[in-house]
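Visitor: I am new to this structure and would like a close look at one part of it. Could you pick a single stretch of the chain and walk me through what surrounds it?

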Amino acid sequence: SQFGTNFVGHYALISGLLDVLKSAGGARITIASSIAACMVRSLDYTRVTDVWRFNRFVNYSTSKLALLVFSNALARRLQDCDVTVNAFHPGLVVTGLYRNVLFSTLPGIHDLRKWLWLDQVSGSVTSVQLALDPNLAGKTGGYYAREQPAVMHPDAQNKVAQDRLCKFTDVLIATNTHAPNLLDSINASAK
């Protein structure tokens, strides 16, 4: 699913590498979120568990908000370690990802995108900055766009939202299902 590809895989990979990253000393985790995270009010878990509610854009935005919330949850979890975690919005970048998006086959749209959007090198600058810039050593829990700190979705800094997302994702991975009743166990423990 889109949520699995855009979020759960990243969550599982990073979680699996945490011991190695902690022992590395000075490790930096950079997570690609998106300004699209601000297009949804909050994490709507029924969007993930109910295939009948799927909407390409809303589910994409939900997965990007999940990445932003997770980056802050992870920064909080690792605050006493020598590991930093920051998220970023790469910008609208000309890639093949948009080849199947509505209007992508209109005449001239590719040329218009190349003119308005960032090329791949320019789109990667913020992620490279977060990974390598000595001025950002020790800075964690931030959100960046165009090489500058950016305003993040309010849920990203909400500890309850962070904890719920991590619990939901752990159960999702452990049960290998996205069945609607998955939310029952998460909701029961939140009360």
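Guide: What follows is a tour of one strand, along with the helix before it and the space beside it. Please keep in mind that this is a predicted model.

Let us get our bearings first. The protein chain has 7 helices and 4 strands, and from the N terminus on its elements run α-β-α-α-β-α-α-β-β-α-α. Of its 191 residues, 40% count as buried. Among the contacts with a separation of 6 or more, 72% are between residues 24 or more positions apart.

Our part is strand β1, which covers residues 27-32. In a regular strand the side chains alternate between the two faces of the sheet. Strand β1 shows such an alternation: A27, I29 and I31 point to one face and are buried, while R28, T30 and A32 point to the other and are not buried.

Next, look sideways to the partner strand. β1 is joined by 6 bridges to β2, residues 83-89, and the two strands run parallel. One place to find this pairing is A27, whose bridge partner in β2 is V83.

Now step back along the chain to helix α1, residues 2-24. This helix has 23 residues and reaches 32 Å from its first C-alpha to its last, close to the 33 Å expected at 1.5 Å a residue. Even so, α1 has a kink of about 50°, centred on L18. L18 is also one of the buried residues of the helix, a list that includes F3, F7, Y11 and I14. The buried residues of α1 pack against our strand β1, and also against α2 (46-49), α3 (56-77) and α6 (159-175). After α1 comes G25, with a positive phi near 75°.

Last, there is some empty space to visit. Rolling a probe the size of a water molecule over the atoms shows where empty space is left. A search of the whole structure finds 1 cavity of 30 Å³ or more, and the largest cavity holds about 30 Å³ of space. Its lining is made up of R28, I29, T30, T84, N86, L130, L136 and K139. Both β1 and β2 supply at least two residues each to this lining, and β1 gives the most, with 3 residues.

So much for the tour; here is the strand once more. β1 is paired with β2 in parallel, has the buried residues of α1 packed against it, and gives the most residues to the lining of the largest cavity.

Key
Residues are numbered from 1 along each chain as its sequence is written. This is a predicted model: local features need pLDDT of at least 70, side-chain atom pairs count only at pLDDT 80 or more; totals for chains, interfaces and linings use all residues. Side-chain values use heavy atoms; hydrogens and water are left out. Buried means under 20% relative accessible area, exposed over 50%, partly exposed in between (1.4 Å probe, protein chains only). Two strands pair if DSSP finds at least two bridges between them. The expected span of a helix is 1.5 Å times one less than its number of residues. The bend at a residue is the angle between axes fitted to the seven residues ending there and the seven starting there. Contact means heavy atoms within 4.5 Å. On a 1 Å grid over the protein atoms alone, a cavity is a set of points where a 1.4 Å probe fits but cannot get out, and a pocket is an open set with protein on both sides within 12 Å along at least five of seven lines; lining residues have an atom within 4 Å of a point. Grid points are joined across faces, edges and corners, and a volume is the space filled by probe spheres set on the points.
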